[in-house]
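Colleague: I should like to go through this model and ask how each description of it is justified. Please show it first.

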Amino acid sequence: MVTNRLWRTLSAFHPPTRRWTPVSSRNAQSQVKQRLSLTSWNMDAFSSRAMSRAKLILGNILEGPKSPDIIFLQEVTLDVRASLLNDAKIRANFLTTDAECEKSFEQVPFATMTLLSRARFAFGLDSLKEPVECDGAEEGGKLMFGRVSRVTLPSKYGRDALCVEIIPPAAPDTVYRLINVHLDSLWDTLHYREQQIEILADVLREPGCSGGIIAGDFNAIRPEDEGLIEKNNLVDTWVALHGSKDFAGATWGAGVERRDRQGPGRLDKVAMMGLKAEEMEVLRPGSIEVPRPGEESLKIPWSDHSGLRCTFTI
C-alpha cells in the first residue's frame, strides 16, 4: 500500500529575529537508553471560551511538576495555533510543527500540532547553519529527530496523522515514529477508523522504522473500536499497565453528564510498537466560569476530553 505524505518542518523561535525558524537535527552523543514523557490532549474546539480554555490546558501541561518532552494536541484552531506560537514558555522551551504556514489548517475547522522539548532534542537553525545550545538537559540526554510529515488518511472529515521521526543517539540508524492522531468522529465512521489505524500501524512497520507511538483521540465510541489496536498488533498502553477493566482510564464523560447519555469512554489512547511503556495517567481538566447575563455563571471543563500522560524508554 502506498502511503501519501505531505512533508512538514519543525521550527524553533529565534529571539533576535522574533520569528519561528525551521530547524534541522544535530548529532547527539549517548550510549544509554532514554526516558521520555508524552502528554496528549484534545483541546475541544467547539465549546465556548476556546482561547481561555486552551490557555488553561497549556498552562496545566507546562507548569506542572512533570513538564513533558513531547506534546500532542488535537482540535487546534487557527486562533489557538496563533496563541500557542505567541506563548513565551512555548517559544523558550519547545520546537513545534506547523509554525511555517497555515496549510494544515486550510479547509478544516482544526488540526493537530506536535511539540518537542528543546532541552531533549538536539537542533540547529537552518537559516543560521549553527547549533543552538539549550539549558535543561543532562549530559547525553538529547535525542535527534528526522523527517516530519502529515500522513494522508481516508476520512469523512479531512483528518490526517502528524508524524515526527525521532532517533536515539545510542543507535543512530534506528528510527521511531511519533504519530499524533485525531481519528474520524461519531458512530457512523467506524469503517474509516478501521482503515486509519491499519494504515498507521503499517507506517510503523515500514522499512527503516523500528516502531513508535500512535497517540491522541481515537474516537473509540463503538464496541468494535475496542479491539482495533490489538487487531493491528499494537500494544494498548493503558491496558498493558492498568488492565482492560480499569474505568479510571476513561477520557470522555468522566465526572460529567455526556450529551449522548452514554457512560464514560476511553476515547483517547496511546498505542505502541517496539517501545517500552513505564507509566501512564489520565489528566483531568479543571473548569472555567462562563458568564450568563441575568443568570448564574456556568462552569464548564477546560475540554470535553481528559489528557493523557505516558512515559516510555527508547
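Colleague: Why are α1 and α2 called oblique to each other?

Modeller: In this predicted model, the axes of helix α1 (residues 50–63) and helix α2 (residues 78–86) cross at roughly 45°. Angles under 35 degrees count as roughly parallel, and 65 to 115 as roughly perpendicular. The crossing falls in neither range, and α1 and α2 are therefore oblique to each other. The crossing is also right-handed.

Colleague: How do you know that α1 and α2 meet, and which residues take part?

Modeller: Their axes come within 10 Å. Contact means heavy atoms within 4.5 Å, and on that basis A50, M51, A54, K55 and L58 in α1 meet D79, V80, S83 and L84 in α2. By class, this contact has six nonpolar, one polar and two charged residues.

Colleague: How do you know whether the radius of gyration agrees with that of a compact globule?

Modeller: A compact globule with 314 residues would have a radius of gyration near 20 Å. The protein has 19 Å, so the value agrees with that expectation. Along its principal axes, the C-alpha trace spans about 55 × 45 × 35 Å. The secondary structure comes to six helices and 19 strands.

Colleague: What makes L186 and N219 worth noting with respect to phi?

Modeller: Most residues other than glycine have a negative phi. L186 is not a glycine, yet it has a positive phi of about 75°. This residue is found in the loop between β12 (176–182) and α4 (190–204). N219, likewise not a glycine, has a positive phi of about 50°. N219 lies in the loop between β13 (212–217) and α5 (228–231).

Colleague: How do you know what confidence the predictor has in the protein, and where does pLDDT stay under 50?

Modeller: The confidence scale runs from 0 to 100. The protein averages a pLDDT of 90, and 90% of the residues score at least 70. Over residues 134–139, however, pLDDT stays under 50. For that stretch the model has seven contacts beyond four places in sequence.

Conventions:
Residues numbered from 1 in each chain as written. Predicted model: local features only at pLDDT ≥ 70, side-chain atom pairs only at ≥ 80, totals over all residues. Heavy atoms only, no water. Axes fitted to C-alpha atoms, helices over the stretch in contact; angles between N-to-C directions. Helix = DSSP H or I, 4+ residues; strand = E, 2+ residues; numbered from the N terminus. Parallel < 35°, antiparallel > 145°, perpendicular 65-115°, else oblique. Left-handed = near helix turned anticlockwise from the far one by under 90°. Nonpolar A, V, L, I, M, F, W, Y, C, P; charged D, E, K, R; others polar. Rg over C-alpha atoms; globule rule 2.2 N^0.38 Å.
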